[in-house]
Amino acid sequence: MVDDIRETKECQLKDPMDLFHSGQVVKICAPMVRYSKLAFRTLVRKYSCDLCYTPMIVAADFVRSAKARDSEFTTNKGDHPLIVQFAAKEAQVLCDAARIICPFADGIDLNCGCPQRWAISEGYGACLINKPELVKDMVRLVRNQIDNPKFSVSIKIRIHKDLKRTVDLCQKAEAAGVSWITVHGRSIEERHQPVHYDAIKIIKQSMSIPIVANGDIKTLKDAENVHHLTEADGIMVARGLLANPAMFAGYEETPFQCIQDWVDIALEHGTPFTCFHHHLMYMMERITSKQEKKVFNVLSSTSAVLDYLNDHYGL
C-alpha cells in the first residue's frame, strides 16, 4: 500500500460531486468483494467508468491493523475519483477509518446494504437500514471530523417493504450531510426477485441530493432504461461490468482489446492468479463456446492462460 500511496499524495484528489453536477448520468463500478480492486478499477476507467468503489472493508480491522490496511487498500495516481466503502457500526470507528483514508481517496461510503448473514449478525450492512438514528450519527460525525469539504460521505442501502421507512432513513441521512445515496432496489430478504425501480423513483422524488440506482443492470441499454424509470443521477453496476468491463463505453460484449488490456494491467499489478483467471472467465462467458469454457476454466497457471489466449485469439 505504501509505495502506491506515496505516488497518490502527489496527485490532485477529485471532488466526486462534480460528476453529479455535470448534467450527465454518472457511471459507477460497484463495491464487489474480491473483484473491484485496483487492477479492475484501472480497466473499467479505460472504458468510460466515471467513479469506482473499493470492495467493502471492515472499518474496525482497518483502524486496528496495519496489515489489514496494506492488504485491503491499494491505489495509485490514476485511480480517481475513488470511494472507499466501509462496514461499520460505531460512528467513531468509521470516523477513524475515514481520517486514515482521507489523503488517498475522494470519499467514503457506509455499507447499509450487505444482506449476508455474517455481516448482519455482526451488526454491519443491511441491518443498519433499521437504525436510521445510528446512520445519521455516523454520517454527521464523519462530516464534522473530516476537514476537507470536498471529501464525500455516501451510503448504500436496500429498501424496506414499507417504503416510508426507507424515505425516512434517506431524509435523516440527508439532514446529517450525506453526499448521495445509492439504492439497491430490493429488500434484505430478496435475492433474485425483480428490482423495485419504482421504489427508487419514489426515493429520488423525495430527496434533493443525488440518488444512484443499483440492481440487475447488465448492459448500457439496461442502464439507460433504469435511468429513464427512476430518474436517478447515477447508475451503479456490479456483475454487468464483471461480464463486460467495456459496457459503459457502449460495447454489447467484451471486446478482445479489453481482454488484452486486462492481461496487461493484471500482469503489471501482479494480480494473483485466481483473481486474474476469474475475471477472464467472467469476461469470456458470452464469447466462448461450452467446449472452450470447459478447457479454459480449469487452466491452473498464468502461463497456461497466456498460451491459451495466444493460441485461440492471437492475444
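Contact here means heavy atoms within 4.5 Å of each other. Keep in mind that you're working with a predicted model, where local features need pLDDT of at least 70, side-chain atom pairs count only at pLDDT 80 or more, and totals for chains, interfaces and linings use all residues. Residues are numbered from 1 along each chain as its sequence is written, and side-chain values use heavy atoms, with hydrogens and water left out.

**Exercise 1. Work out how domain 1 and domain 2 meet.**

Step 1. Get the bounds: domain 1 covers 16-249 and domain 2 covers 256-313, with bounds that come from an automatic or database domain assignment. Their C-alpha centres lie 29 Å apart.

Step 2. Look at who touches whom: 16 residues of domain 1 are in contact with 13 residues of domain 2.

Step 3. Turn to area. The two domains bury about 1300 Å² between them, 66% of it on carbon and sulfur atoms. Buried area is the accessible area (1.4 Å probe) that two parts lose on being put together, summed over both.

Step 4. Pick out the big contributors: Y35, A39 and L43 supply 36% of the area that domain 1 buries against domain 2, more than any other three residues.

**Exercise 2. Describe the surroundings of R186.**

Step 1. Place R186 in the loop between β7 (181-184) and α10 (197-205). Helices (H or I, at least four residues) and strands (E, at least two) are DSSP runs, numbered from the N terminus.

Step 2. Check exposure: R186 has a relative accessible area of 4%, so it counts as buried. The cut-offs are under 20% for buried, over 50% for exposed and partly exposed in between (1.4 Å probe, protein chains only).

Step 3. List neighbours. Not counting residues up to four places away in sequence, R186 touches several residues, including R158, I159, H192 and D216.

Step 4. Zoom in on D216: its side chain and that of R186 are joined by a polar contact of 2.7 Å. That term covers a pair of N or O atoms within 3.5 Å; within protein, one must be able to donate a hydrogen and the other to accept it, and residues adjacent in sequence count only if both atoms are side-chain atoms.

**Exercise 3. Do the same for T166.**

Step 1. T166 sits in helix α9. Its relative accessible area is 0%, so T166 is buried.

Step 2. Beyond its neighbours within four places in sequence, T166 contacts I157, R158, I159, H160 and I203.

Step 3. One of these, H160, makes a side-chain to side-chain polar contact with T166 at 2.9 Å.

**Exercise 4. Classify two of the aromatic pairs.**

Step 1. The structure holds 8 aromatic pairs. Rings of Phe, Tyr and Trp (its six-membered ring) pair if their centres lie within 6.5 Å; planes under 30 degrees apart count as stacked, over 60 as edge-to-face and the rest as tilted.

Step 2. Take F20 and W180: the ring centres are 4.9 Å apart and the planes are at 45°, so this pair is tilted. The two residues are 160 residues apart, with F20 in helix α2 (residues 17-20), and both are buried.

Step 3. Now Y47 and Y251: with centres 6.2 Å apart and planes at 75°, the pair is edge-to-face. Y47 and Y251 tie together parts that are 204 residues apart in sequence. Y47 is buried at 9% relative accessible area, whereas Y251 is partly exposed at 40%.
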